[in-house]
2 protein chains.
Amino acid sequence: MLKRIRSALSNSLIRGKKAPIVLGVSGGPDSLCLLDIMNRLDYQVIVAHLNHCLRAEAKDEAKYIARLSETYQSAFVLEEINISAYAERYKLTVEEAARNVRYGFLFNQAQKFGAQAVVVGHNADDQVETVLMHWLRGTGLSGLKGMPTVGLPNPWSDEIPLVRPLLNIWREEILAYCNKRGITPVFDQSNLDTRYYRNRLRHELIPMLEEYNPGWRKRILQLVNIIEGDNQVLENATHIAWLECLCDQANEYVILSVDKLVSQPIGLQRRLIRRAISCLKPDLRDIGYSMVERIISLLELPSMDNQQDLGAEIRVFIEEPLLYISNSGVEIPKGDWPQVPPGAVITLSLPGVVNLMGGWQLCASLKTDVEGIKDQVRFNENPYLAWIDIGDQPRDVVVRSRKAGEWFQPLGMQEHSMKLSDFMINEKVPKRARKDWPLVCVDDEVAWIAGHQIAHPFRITDESRVVLHLRLEK
Amino acid sequence: MLKRIRSALSNSLIRGKKAPIVLGVSGGPDSLCLLDIMNRLDYQVIVAHLNHCLRAEAKDEAKYIARLSETYQSAFVLEEINISAYAERYKLTVEEAARNVRYGFLFNQAQKFGAQAVVVGHNADDQVETVLMHWLRGTGLSGLKGMPTVGLPNPWSDEIPLVRPLLNIWREEILAYCNKRGITPVFDQSNLDTRYYRNRLRHELIPMLEEYNPGWRKRILQLVNIIEGDNQVLENATHIAWLECLCDQANEYVILSVDKLVSQPIGLQRRLIRRAISCLKPDLRDIGYSMVERIISLLELPSMDNQQDLGAEIRVFIEEPLLYISNSGVEIPKGDWPQVPPGAVITLSLPGVVNLMGGWQLCASLKTDVEGIKDQVRFNENPYLAWIDIGDQPRDVVVRSRKAGEWFQPLGMQEHSMKLSDFMINEKVPKRARKDWPLVCVDDEVAWIAGHQIAHPFRITDESRVVLHLRLEK
């Protein structure tokens, strides 16, 4: 056991034995065992004890740990906080409050002393309990992999690791060690209190599961190790897929390519969505299964491009070819779309250039040497170029956005018109871009939906004499 | 619910409604619900019932199911097998025996009728129970992903899928359906018998886990779905890594590249090793954690190249740069190594060629125009070429394998010799190749370890007059 702990310590504490370490000491067997072993191995230990003020004997225990630190010639730091009051103030359970305050204290001390790590005494039984708790509560693989031996980054620091050298050592082994070395742990009565959820698992559920399948605990610990390895492989794959699917990212939104996302296997799709959500809400501890599945089914029915509120202040919508995941109420920049300034009606000089939003411009010029142009028009496949017949009478040419209920007769549609809004949907003009999409209008009739299609009545025919050449460019 | 089942059926039964289907009908609510729904949807159902001969009422139940099939106008096939006797004969539990016989019967019938699938009625509760059982017994991710909706290949067929359309439907929903449709299931008393492990889970453990965390069952089913997706990603990654690491494979052995294996993340290393073992032992249902970990630690200590017996008749050893995993007692071909036929001592003619095993040959010739050679010797970096000084007296030159306890003085080692066996280890001559590795000997003294090193006393010096040129080639 000593050998396993020594190797866990030397693998985790990479700055060696001389750089100080803050050791969280509750006074229980785990932390006292670690204190003893780390002293035997000549680590520079700072004993940090938090008095939770939950039990009458807590003051005496703090004194006991102070004396013990002295015999080990270790530094000793103490903090007293009334956890019950804290829990009440912040509306937390006593367990949550204790956890928050304890780690806050330990990492503060580590910062103050320039410690290389915070070390805590979680053992293999704690690990099994943690995984069991996640499993009961509902979790993905990330919950089943349990606590890491070296936690960095962790919720309290991006630089100081949280190290757990006893994660593969069972409670029995630790008790036997204390016994052999004559170490007397503090006895915390509240560890037997089955009003605490974790204690109920420890004293009731786990012994029962062991009865169902003796050796269950050991196999769960093996499963934790297997899953840790599997999860790392999945994280790598997710990272590669993320770089492939990500189109844009800011504090308040993430934009992913729908095509690239749906081409991933479903397992990676789920992980990419989880990652997007956790970019927006890093503090959200549980990203719900149904939240992820709702986005998956949105991807499967790409015609539903209306916004969905996912709860937890997350909003999601698809504008082909993009999936937007954002915080609620955030204005996502329209980015690169050519847009008419809201409400503007801009007269086109011929020749002339009109500046649009998003760094685009629209260039117009008249051509009368029409015969040379007709071949070019026939073979044009570039939607950013258009030629329209405007006849030889002077006409009013403007660039504007669409009007409510406006109609459009696309090129090739001989007899009928259709709603401009329906045409834009068919053409996959992004929803948010439709309202201010630039339209070139002749005598107030839509002649070209810039970048998409000209209107049938304005097409070039054998009889065309005067042609307006249009170019949308960035 | 009907909608979910219809979509599960149409996704799984790709040959449509007209190709017959063998439906395993026990008479319980699951199978009767399926029988009813599949008939309503016009599937061509063949009802297959196995009488386990475990209960007195079994004969009546078989008659009841036969009558029911008639009312649905479905074909009915029956088999009676004394499961207790079968279990005793093959030393199985009653549960194992029933499973073996039941699926054997269903797939036989499917074969006979040219059915497109065997359909069975496992529901969401069965899925949760199965996963819980795996979790209690100890398993990797593959156990936690549960039963597949479409199992192909399965242990009974590579062509006929085992389909489970009710895997996402809870038992309550099925009972409610039967109730609404006036279907009376057979009541199997043995489902309450808590001597059966599964029944104990169903009636005791799962209700308790639900008490610890209400909604637990639903979340386990979600976890199963998440893990199924994750597992597929891992399988893909494993497949790619397998092709990268695999050097050779036969029925009885798998040879992997050590370097490529250790360059994979640990999760993939474990999966590749599992895959290698399951290639050798496809029937081994549980590949032990410790078996895999022993191979991992062998990879971490590459100097241990001695054979290890892993149990389950699996043997593993490393011969740098290769990892061999094989069935016990299998002779693995030595492949490409240059080898002297066992026991042979072959006189070298000068000039002359000696044929070795593995398609190699050794060519020898005398040179007396020594001055021109010395530069060539000095700059030679090709281990397959050697020049040795054999003096101007006629000497006895042979190719043979090593003798027990033989010594060798490598080039550059002025004063000392070392054991030939140690030198071969240092040079990473594969262990199995050492015994018959070709040595060129002059008057029975080792002068060249072919392809590796000449002996110091035979080096070319300023005084050399007669030189033996040697070449090992394929």
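## How the two copies sit

Lay chain B on chain A and you get an RMSD of 0.5 Å, using a turn of 180 degrees and a shift of 0.1 Å along the axis (least-squares superposition on C-alpha atoms of residues with pLDDT of at least 70 in both). That is how a two-fold axis relates copies. In chain B, B:Leu234 has the C-alpha nearest the axis, 3.5 Å from it.

The copies meet through the same surface, because 100% of the interface residues of chain B are also interface residues in chain A (contact means heavy atoms within 4.5 Å).

## Ground rules

This is a predicted model, with local features needing pLDDT of at least 70 and side-chain atom pairs counting only at pLDDT 80 or more, while totals for chains, interfaces and linings use all residues. Residues are numbered from 1 along each chain, chains are lettered from A in the order written, and side-chain values use heavy atoms, without hydrogens or water.

## Chain A overall

For a compact globule of 474 residues you'd expect a radius of gyration near 23 Å, but chain A has 34 Å (taken over C-alpha atoms; the rule is 2.2 Å times the number of residues to the power 0.38). Its C-alpha atoms fill a box of roughly 105 × 50 × 40 Å along the principal axes.

Buried residues make up 50% of chain A (buried is under 20% relative accessible area, 1.4 Å probe, protein chains only).

## Helix H6 of chain B

H6(B) covers residues 124-137 (helices are DSSP runs of H or I, at least four residues, numbered from the N terminus). Since 13 of its 14 residues are buried, H6(B) is largely enclosed by the rest of the structure. After H6(B) comes B:Gly138, with a positive phi near 95 degrees.

Terms used:
Helices (H or I, at least four residues) and strands (E, at least two) are DSSP runs, numbered from the N terminus. The expected span of a helix is 1.5 Å times one less than its number of residues.
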